[in-house]
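Me: I should like to go through the labels attached to this structure and ask what each one rests on. Please set the value against the cut-off in each case.

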Amino acid sequence: MKKTESKTAMETRMIPIYVMGKHYEVPEGLTIMKALEYSGYKYIRGCGCRGGICGACGTVYRKPGDYKIYSALACQTAAEPNIHLTQLPFYPAPHVSCNYAGISAKAEEIHKLYPEVFRCVACNACTKICPMEVPVMDVIGYVKRGDISKAAHEAFDCIQCGLCVSRCFAEMPQYHIMQLARRIYGGKIAPKAKHNADAAKAVKIEKKFDPMLKQLMTMSKDELKKVYTSREIEPETAGDDWKPKDSKFLA
Ligand code: FES
């Protein structure tokens, strides 16, 4: 090993962690997910994007001398010294299937599919454990009262990690209920976006992009790379009225 490499290794501070009660030493600064992997555990379920988006890695942990159960996304949260960890690959929460196209935009539809919403005892444990700070209990309240729009907006940040389900006294699958509210809102209540309809028309009916696609399909890999790297990119600070100089393929 070269001198510089051994120095770097010596400078890495190790911290103690406990996985299912067993002691391990891991480099400081790792996320909970990486600390578990460094300790020899393997993620087969409970890991997806590693970027805080997919919700697969919801987990709970404890700190020494503290009665609280903490919750987090394992891929987004740093392991602290003496933290007590485990893996939660999944918490059972069956999803109720429905003919989505055939249901109306009424909260009664959700009530029929998930009657357990009325078992909520307003303990707020679901809100407290949510790593995305979704006001889960309030969302269930909006669903009960028939306000699907409010429920959908308040549940926007839910990434379906399922930790709320693990804490619910009423044994309801909140994240499926919230997802259904969001789908009903998005599909049947929210105003339709005109620019989407225009773009779909340009693709399907006017076939505006067909010549460009045909042209691209005749190109070699190198030519495609050249076109891709030389394309005009929207500046980060562009306003809403920004348009590329070559706008012949805009819908
Ligand atoms: S792995 Fe996707 S949110 Fe953590």
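The exchange below takes up salt bridges, cysteines, exposure, a charged patch and backbone angles in a model that is predicted.

Me: What makes Arg13 and Glu28 a salt bridge?

Reply: A salt bridge requires a side-chain nitrogen of Lys or Arg within 4 Å of a carboxyl oxygen of Asp or Glu. The closest N and O atoms of Arg13 and Glu28 are 2.7 Å apart, so the pair meets the criterion. The pair links distant parts of the chain, 15 residues apart: Arg13 is in the loop between α1 (3-11) and β1 (14-19), and Glu28 is in the loop between β2 (22-27) and α2 (32-38). In the whole structure, eight salt bridges are found.

Me: Why is Glu28 called partly exposed?

Reply: The label covers values between the buried limit, under 20%, and the exposed limit, over 50%. Glu28 has a relative accessible area of 43%, and therefore falls in between.

Me: How do you know that Lys150 and Glu154 also form a salt bridge?

Reply: Their closest N and O atoms are 3.7 Å apart, and the cut-off is 4 Å, so the pair is counted. Because Lys150 and Glu154 are four residues apart in helix α6 (residues 148-154), about one helical turn separates them. Both residues are partly exposed, Lys150 at 35% relative accessibility and Glu154 at 31%.

Me: What is the N to O distance in the salt bridge of Lys194 and Asp198, and where do these residues lie?

Reply: The distance is 2.8 Å, which is within 4 Å and therefore qualifies. Lys194 and Asp198 both lie in helix α9, four residues apart, or about one turn of the helix.

Me: Why is Lys194 called exposed, whereas Asp198 is called partly exposed?

Reply: The exposed class begins over 50%. Lys194 has 62% relative accessibility and so counts as exposed. Asp198 has 35% and so counts as partly exposed.

Me: How many disulfides does the structure hold, and why is Cys161 not bonded to Cys130?

Reply: The structure holds zero disulfides. A disulfide needs two cysteine sulfur atoms within 2.5 Å. The closest cysteine sulfur to that of Cys161 is in Cys130, 6.0 Å away, and is therefore too far for a bond.

Me: Are Cys161 and Cys54 buried or partly exposed, and how do you know?

Reply: Buried means under 20%. Cys161 has 23% relative accessibility, so it counts as partly exposed. Cys54, with a relative accessible area of 34%, is partly exposed as well.

Me: Which residues form the positive surface patch, and what makes Arg167 eligible for it?

Reply: The patch is formed by Arg62, Lys68, Lys128 and Arg167. Patch residues must have over 30% relative accessible area and no salt bridge. Arg167 has 38% relative accessibility, so it passes the area limit although it counts as partly exposed. Arg167 is placed in helix α7 (residues 163-167).

Me: What is notable about phi at Arg50 and at Lys207?

Reply: Arg50 has a positive phi of about 60° although it is not a glycine. Lys207, also not a glycine, has a positive phi of about 50°. Arg50 is in the loop between α2 and β3 (58-61), and Lys207 lies in the loop between α9 and α10 (210-217). Arg50 has a relative accessible area of 40% and is therefore partly exposed; Lys207, at 44%, is partly exposed.

Me: Why is Lys243 called exposed, and where is it placed?

Reply: Lys243 has 58% relative accessibility and therefore counts as exposed, the limit being over 50%. Lys243 is in the segment after α11 (221-229). Its C-alpha atom is separated by 9.9 Å from that of Ile233, 10 residues apart along the chain.

Me: What separates Ala105 from Lys188 along the chain and in space?

Reply: Ala105 and Lys188 are 83 residues apart along the chain, and their C-alpha atoms are separated by 5.9 Å. Ala105 is found in the loop between β5 (83-85) and α3 (107-113). With a relative accessible area of 33%, Ala105 is partly exposed.

Definitions and conventions:
Residues are numbered from 1 along each chain as its sequence is written. This is a predicted model: local features need pLDDT of at least 70, side-chain atom pairs count only at pLDDT 80 or more; totals for chains, interfaces and linings use all residues. Side-chain values use heavy atoms; hydrogens and water are left out. Patches are made of residues with over 30% relative accessible area and no salt bridge: like charges are joined within 9 Å, nonpolar side chains (Val, Leu, Ile, Met, Phe, Trp, Tyr) within 5 Å. Accessible areas come from the Shrake-Rupley method with a 1.4 Å probe; for residues, only the protein chains shown count as cover. Lys and Arg count as positive and Asp and Glu as negative; His and the chain ends are not counted. The place of a charge is taken as NZ of Lys, CZ of Arg, CG of Asp or CD of Glu. Helices (H or I, at least four residues) and strands (E, at least two) are DSSP runs, numbered from the N terminus. Buried means under 20% relative accessible area, exposed over 50%, partly exposed in between (1.4 Å probe, protein chains only).
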